[in-house]
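Biologist: Got a minute to go through the side-chain contacts with me? Let's start with the charged ones.

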Amino acid sequence: AGAVHDDAEARGLTADLARARQRIGDHAGALALWTELRDAARASGDAAALAAFERRLGLLAYWGGRFSEAVSHFDTAIEAAQEANDLDLGLRASLAKGVCLVEMGRREEAEAVLTSVLAAAEKKGSPHSLARVHRALLLLYAWTGPAERARVHGEEALRHARAARNRIVEATVHWALAMLGGLTGQSREVAEHLAEAIRLADEMNSPILRVWAGEIEIEFASGTGDWDGAIAIAERTIALAQAMGQRSLLPRILVWSALVHIGRGDTAKARALVAEAESIGAASAGAARPTDLQLQIPAMVGRVALALAQRDFPAALHIGEKALGMIERSGYVVWAIHRLLPMVAEAALWASALPRARALGARLRADSERVGHELGLAWADACDAMVDLLEGNAGHAVDLLRAAIERLEA
């Protein structure tokens, strides 16, 4: 290929090699090849090729958890696709940009980009494009609410993925719907969609899809009390995610595993897992705006849990309030409901900061009602009950605790 570098066939062979290396997790090799192809396209003035290779570089950055870098590549791809009058390539690059913005917690920008892409996809009428756009909107509303809006996009994504016979998209939609079920306390939805995601991943022999399904398996096993199973799944999934460079998902898997170890009193193991999660988001940690939110928040969840386990309630409150501030600016309310608000409220209760605990419980209830989060409502009942108990209103506390138990059992 080097001997006939400018030949189109050679360029195609190089691109095939880059794709192969990307599939097997050789990101360094893939990056070198895609960069070489991008530079050659830019030098020759081939706008269509430049757009294609910039999009590939953006996808590589996305899978590596480098979302800001990915958006930069996608912007260049969109501009080059417009120059080449390649509407389909521009649509795919715009969709990828919207997915990155979802991951970064930039809700309004993501919604604007994805809404525009949806309109273009509907005009085009391609089930492949429609499945991907609806999947992206499912993920956006899964994190920001309302849950019913997310489910509508999920059903549309499944319908179009099946029409296109795109099993990869179908599997990832099932994964997203399983996650949504877990986040909103719908355990039957979790079990059904998780089973489908695993079935499709196994049919395609896809280790990447098994990594993504593994995250849901860890949370489901942990939430239903199968801690041995959760740890075994976590260890297998973490090793696979590390081997395949799945850094965009890895922080969550590490922290979900750490929370089980904390529950068992193994804070040393949990601390190591949280530290690894924190190192992945270190490049964007401490930024004033919620850059790469999905990388930073999991590690902060882990740090709050560790502080609680060590009875360092001021630290738990400090870290938790910082994380809640990031979430409030982004609108990713489910992140707050799923872990942070219950833990920060617990820290406030232990610290006897009852007015703060009451306010956190009220926020938890309001946010949970808005997105249809049944677990959040159970935790809000429990928080209010504990405040009542500590203030001497034991009768009302017992009623609220019974209500919380019923929600949790359901």
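Modeller: Start at Glu189. Glu189 has a relative accessible area of 22%, so Glu189 counts as partly exposed. Keep in mind that this is a predicted model.

Biologist: What does Glu189 form a salt bridge with?

Modeller: With Arg151. The closest N and O atoms are 3.1 Å apart.

Biologist: And Arg151, buried or exposed?

Modeller: Buried. Its relative accessible area is 15%, and the cut-off for buried is under 20%.

Biologist: Where do Glu189 and Arg151 lie?

Modeller: Glu189 is in helix H10, residues 187-203. Arg151 is in helix H8, residues 147-164. The two are 38 residues apart in sequence, so the pair ties those parts together.

Biologist: Why would such side chains pair at all?

Modeller: Opposite charges can pair when the charged atoms come close.

Biologist: Stay with helix H8. What about Glu156?

Modeller: Glu156 forms a salt bridge with Arg159, with 2.7 Å between the closest N and O atoms. Both residues sit in helix H8, three residues apart, so about one helical turn separates them. Glu156 is partly exposed at 25% relative accessibility. Arg159 is also partly exposed, at 47%.

Biologist: Which residues do shared salt-bridge partners join into one network?

Modeller: Arg365, Glu374, Asp381, Asp384 and Arg407.

Biologist: And Arg106? What is its partner?

Modeller: Glu109. Their closest N and O atoms are 2.8 Å apart. Arg106 is partly exposed at 23% relative accessibility. Glu109 is partly exposed too, with a relative accessible area of 38%.

Biologist: How many salt bridges does the count come to?

Modeller: The count is 30 salt bridges.

Biologist: Switching to rings. How many aromatic pairs?

Modeller: Five aromatic pairs. One of them is Trp143 with Trp335, and that pair is stacked. The centres are 5.0 Å apart, with 15° between the planes.

Biologist: Which helices does that pair tie together?

Modeller: Trp143 lies in helix H7, residues 127-144. Trp335 lies in helix H17, residues 333-350. The parts they tie together are 192 residues apart in sequence.

Biologist: Are Trp143 and Trp335 buried or exposed?

Modeller: Trp143 is buried, at 5% relative accessibility. Trp335 is buried as well, with a relative accessible area of 1%.

Biologist: Which residues form an aromatic cluster with Trp335?

Modeller: Trp143 and Trp256. Together with Trp335 they form one aromatic cluster.

Biologist: What about Phe313 and Trp350? How do those rings sit?

Modeller: Their centres are 5.8 Å apart and their planes are at 5°, so the pair is stacked. The cut-off for stacked is planes under 30 degrees apart. Phe313 is in helix H16, residues 313-330, while Trp350 is in helix H17. They are 37 residues apart, and the pair links distant parts of the chain.

Biologist: Is Phe313 buried or exposed? Same question for Trp350.

Modeller: Phe313 counts as buried, at 11% relative accessibility. Trp350 is partly exposed, with a relative accessible area of 48%.

Biologist: Which charged end sits over the ring of Trp350?

Modeller: That of Arg311. The charged end is 4.6 Å from the ring centre. So Trp350 gives you two contacts to look at: the stacked ring of Phe313 and the charged end of Arg311.

Key:
Residues numbered from 1 in each chain as written. Predicted model: local features only at pLDDT ≥ 70, side-chain atom pairs only at ≥ 80, totals over all residues. Heavy atoms only, no water. Phe/Tyr/Trp six-rings, centres within 6.5 Å; stacked < 30°, edge-to-face > 60°. Helix = DSSP H or I, 4+ residues; strand = E, 2+ residues; numbered from the N terminus. Buried < 20%, exposed > 50% of the residue type's maximum accessible area, 1.4 Å probe, protein only. Lys NZ or Arg CZ within 6 Å of the ring centre and 35° of its normal. Salt bridge = Lys/Arg side-chain N within 4 Å of Asp/Glu carboxyl O.
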